Amino acid sequence: MRSNPPGGPNELATLDRPRFQPTDASIDFVLTVVEGADKGASFTIAGSHPSRVLVGSGPACELRLRDREVSRRHIALEPSGRRLRITDVGSTNGTFVDGVAIVEVFLRGGEIVRLGSTAIQVGDAPVTTQSTLPVQASFGAMAGASTEMRRLYPLCERLAQSTVTVIIEGETGTGKEVLAEALHDQGPRAAGPFVVFDCTAVPSNLVESELFGHERGAFTGAVSSRKGVFEQAHGGTLLIDEIGDLELSLQPKLLRALERSEVRRVGGDRPIKVDVRVLAATRRDLDHEVQAGRFRDDLFHRLAVARIELPPLRRRGGDVPLLARHFWLALGGDERALSGDLLLRWQDYAWPGNVRELRNTVARRLALGELGERGPAPDPADRATETSTPAGTSHDAFLETILGLDLSLVEARQRMVEEFERRYIDRVLEQHDGSVTKAATASGIAKRYFQRLKSRARK
């Protein structure tokens, strides 16, 4: 198992610790169906439940209803201290709390929630519980000390030690690939390969060959035999990223590979046994994709043995300043130049691109100062603490060169970011003796993404 170098994610546990307590006062909630086909059924949501609880008619839902008017994923429920957050997740017929249509609302118990023909009464458990959460601020390279993240760590630790398939869901930029690599690194297959296949990054006519390999002469251009990602990941872990974008015609072949632990190369005439743990990641709602006929129900059932939903950054209370400070230091910034006003402004921003957007924002700020600012407008008071490069340095000269090209703002910013990435990659590799694994961990990004930046920087 790889260890984290100095400055790596494990050091996040020492940052801002007073803001996070090892326990959080919370209560359990009991959901009781009082009307509908499932009348009498009940379900308890513990205050320490690791993620949102889905309610609907689909197989991914912890509380599954037989009501035909209920969507496959209808609502999501999440304990929040002594309240229960309820969110309509794009249902067809809507969600009503005490007769009022809602999108998202907090409940305290006693309310009636209506979904289709089903009515659910929300009640709190008779005894208030003190839910103990782990004090660590990271799981592998996955960092975060918010309650939303610390709830996930015990589940992640258990899944890391197993070999079951896992679907990792979450918005773009929430760190699905980073979590997948952490599950691999913390588990019994850590010494084996970790291979990533991105369904959106390969031309449609080459996806089958990339997945399962091909024999020489199987198609025009196949001048030699080639292993697919299943064979490359033998003895280790395969992450199929953005699996919701996999073409429908290839899904039966993937299902067969999962069920039989064997693949057949394109143009081949014999099956090849593989020993691979498969993780899948998606930004899509696979239940909706199944309902729309774009994803096979049987493949979804085979993949969804376990499920982790990564929360968006806007719901991870307190994590923005912690992550921003970590990225700032990891990217070589002076902590004294990171103003409290800037952190507060970042804290108030919605971060639609999630952790990836935050890290890129920190990198731009270090490289470009206020020219790289995104999100809320910069505060003039920040100028006094802004990082700067003395006139006459190579940074200043490069900036003047870019400005002299009369490029658009977008093009000029991109040139500066590319130069910053090149210099940063060189520096962090030098600090870790050329080790891509250690450098990626210290940078707080997945190894595959680091390698992509490295290749781009060398061009």
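**Exercise 1. Determine which strand is joined to E4 by two bridges, and describe the surroundings of E4.**

Step 1. Strand E4 is joined by two bridges to strand E5 (residues 63–64), and the two run parallel. This assignment, like those below, refers to a predicted model.

Step 2. Within this pairing, Gly56 has Arg64 of E5 as its bridge partner.

Step 3. Strand E6 (residues 75–80) is joined to E4 by three bridges, in an antiparallel arrangement. Here Leu54 is matched with Ala76 of E6.

Step 4. The faces of E4 (residues 53–56) can now be examined. Side chains in a regular strand alternate between the two faces of the sheet. In E4, Val53 and Val55 lie on one side, Leu54 and Gly56 on the other, and all are buried; buried means under 20% relative accessible area. Both faces of E4 are therefore covered.

**Exercise 2. State how strand E16 pairs with E22, and whether the residues of E22 are buried or exposed.**

Step 1. Strand E16 (residues 166–169) runs parallel to E22, with four bridges between them. One bridge pair consists of Ile167 and Arg307 of E22.

Step 2. On one side of E22 (residues 306–309) are Ala306 and Ile308, on the other Arg307 and Glu309; all are buried, and both faces are covered.

**Exercise 3. Explain why E3 and E9 each have one side without a neighbour in the sheet.**

Step 1. The order E3-E2-E12-E11-E8-E9 describes an open sheet of six strands with antiparallel pairing.

Step 2. Strands E3 (42–45) and E9 (100–101) stand at the edges with a single partner strand each, so one side of each lacks a neighbour in the sheet.

Step 3. Within the order, E11 (residues 112–115) and E12 (residues 118–124) pair antiparallel over four bridges, and Leu115 stands opposite Thr118 in E12.

How values were computed:
Residues numbered from 1 in each chain as written. Predicted model: local features only at pLDDT ≥ 70, side-chain atom pairs only at ≥ 80, totals over all residues. Heavy atoms only, no water. Buried < 20%, exposed > 50% of the residue type's maximum accessible area, 1.4 Å probe, protein only. Pairing = 2+ DSSP bridges.
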